[in-house]
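Reader: I would like to learn how to read a model of this kind, feature by feature, with the structure open beside me. Could you take me through it?

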Amino acid sequence: MYPESDLLPISALQHLAFCERQCALIHIEQVWTENQFTAEGRALHKRTHSQHAETRGGVHTERGMPVRSLELGLAGMTDVVEFDENGVPFPVEYKRGRPKKGKMDEIQLCAEAICLEEMLGKAIPEGALFYGKIKRRKTIRFDEELRALTRAGALRLRELLSSGTTPPPVYGAKCKRCSLIENCLPKIFSRDKKVGLYVSRMLEKPIGEDTEATE
Ligand code: SF4
């Protein structure tokens, strides 16, 4: 169990599941580049959170609910949580694009569900991801495999952030979708193995050892 004062953002877990380097750039080095997609995503979340709670057809809907899990050591805010007539929560996370190849959205949603379970004492078997491009919900079951992935991700996130070290880039298909590609320059370092190796070594060393800090 982690204390309230030592909780990490659930959003960082999603970044980690996408790419450890991206997670470290954002959460260790505080690098952030806004582009059309990140701006649209932020606007979508803002719109979703600003709508009021409502009850319709026996379903009560809460928006922008703060959640946390002391077991996972994570805290964040859900987009939408629907409560059925028995009070069972059904979290829904809004995404501007399409379903992705990796499990990052599922892991983020599962972390929110584990938070809600811990806070409300209710088992949550499933939730949904709503994708703006296809305007459809995808139901996600919180099975043992996804829960294990989420717990392992939370542990790895803590390990990465407390190391204070940004991993070197590994160029892949996901880089084309990454808002930090201009900051990361993965192609250059992946193309030139010697440069990549050099950068990896430098990243593992503290500033001042074989390198100079710039002002
Ligand atoms: S450009 Fe690629 S390697 Fe670099 S942070 Fe983004 S996803 Fe990771």
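Reader: By class, how many nonpolar, polar and charged residues does the shell around the ligand have?

Author: Before I answer, please keep in mind that this is a predicted model. To read a shell of this kind, one sorts the surrounding residues by class and then asks which elements supply them. Here the shell has 10 nonpolar residues, one polar residue and two charged residues. In all, 13 residues surround the ligand, and the closest are Cys19, Gln22, Cys175, Cys178 and Cys184. At least two residues of the shell come from each of α2 and α6 (181-184), and α2 gives the largest share, three residues.

Reader: Which strands make up the open sheet of six, and in what order?

Author: A sheet is read from one edge to the other, strand by strand, with attention to the sense of each pairing. In this case the order is β2-β3-β6-β7-β8-β9, and the pairing is mixed. At the edges stand β2 (54-56) and β9 (136-141), and because each has a single partner strand, one side of each is left without a neighbour in the sheet. On average, neighbouring strands of this sheet are turned by 25 degrees against each other, with direction ignored.

Reader: In what sense do β6 and β7 pair, parallel or antiparallel?

Author: One follows the bridges between the two strands and looks at which residues stand opposite each other. Strand β6 (residues 80-83) and strand β7 (residues 89-95) pair in the antiparallel sense over four bridges, with Val81 opposite Pro91 and Val80 opposite Val92. Five residues lie between the strands in this hairpin, where Gly87 takes a positive phi near 80 degrees. Strand β3 (residues 59-63) also pairs with β6 in the antiparallel sense over four bridges, and there Arg63 stands opposite Val80.

Reader: Which helix packs on this sheet, and which strands does that helix touch?

Author: For a helix on a sheet, one notes the strands in contact and then the angle between directions. Helix α4 (residues 104-120) touches β6, β7, β8 (126-131) and β9, and its direction makes about 150 degrees with that of β7. The helix α4 also lies across β4 and β5, running at about 85 degrees to β4.

Reader: What is the order of the open sheet that three strands form?

Author: The same reading applies, from edge to edge. The order is β1-β5-β4, with mixed pairing, and the edge strands β1 (8-9) and β4 (66-69) each pair on one side only. Four bridges join β4 to the antiparallel strand β5 (residues 74-77), and among the residues of these strands, Ser69 has Leu74 in β5 as its bridge partner. On this sheet packs α1, which touches β1 and β5 and whose direction makes about 100 degrees with that of β5.

Reader: Which residues have the most contacts inside the largest nonpolar core?

Author: A core is read by its members with the most contacts, and then by the elements that contribute to it. The largest nonpolar core has 35 residues, and those with the most contacts inside it are Leu13, Leu16, Cys23, Leu74, Cys110, Ala111 and Leu157. Two or more residues each come from α1 (10-18), α2 (20-27), β6, α4 and α5 (144-163), and the largest share, eight residues, is that of α4. If residues up to four places away in sequence are not counted, Leu16 touches Cys23, Gly153, Arg156, Leu157 and Leu160.

Conventions: Residues are numbered from 1 along each chain as its sequence is written. This is a predicted model: local features need pLDDT of at least 70, side-chain atom pairs count only at pLDDT 80 or more; totals for chains, interfaces and linings use all residues. Two strands pair if DSSP finds at least two bridges between them. Axes are lines fitted to C-alpha atoms, for helices over the stretch in contact, and angles run from 0 to 180 degrees between N-to-C directions. Two residues are in contact if their C-beta atoms, placed from the backbone, lie within 7 Å. A nonpolar core is a set of buried Ala, Val, Leu, Ile, Met, Phe, Trp, Tyr and Cys residues joined through C-beta atoms within 7 Å. A residue is buried if 20 or more other C-beta atoms lie within 10 Å of its own, exposed if 12 or fewer, and partly exposed in between; C-beta atoms are placed from the backbone. A residue is near a molecule or strand if its C-beta atom, placed from the backbone, lies within 6 Å of it. Ala, Val, Leu, Ile, Met, Phe, Trp, Tyr, Cys and Pro count as nonpolar, Asp, Glu, Lys and Arg as charged, and the others, Gly among them, as polar.
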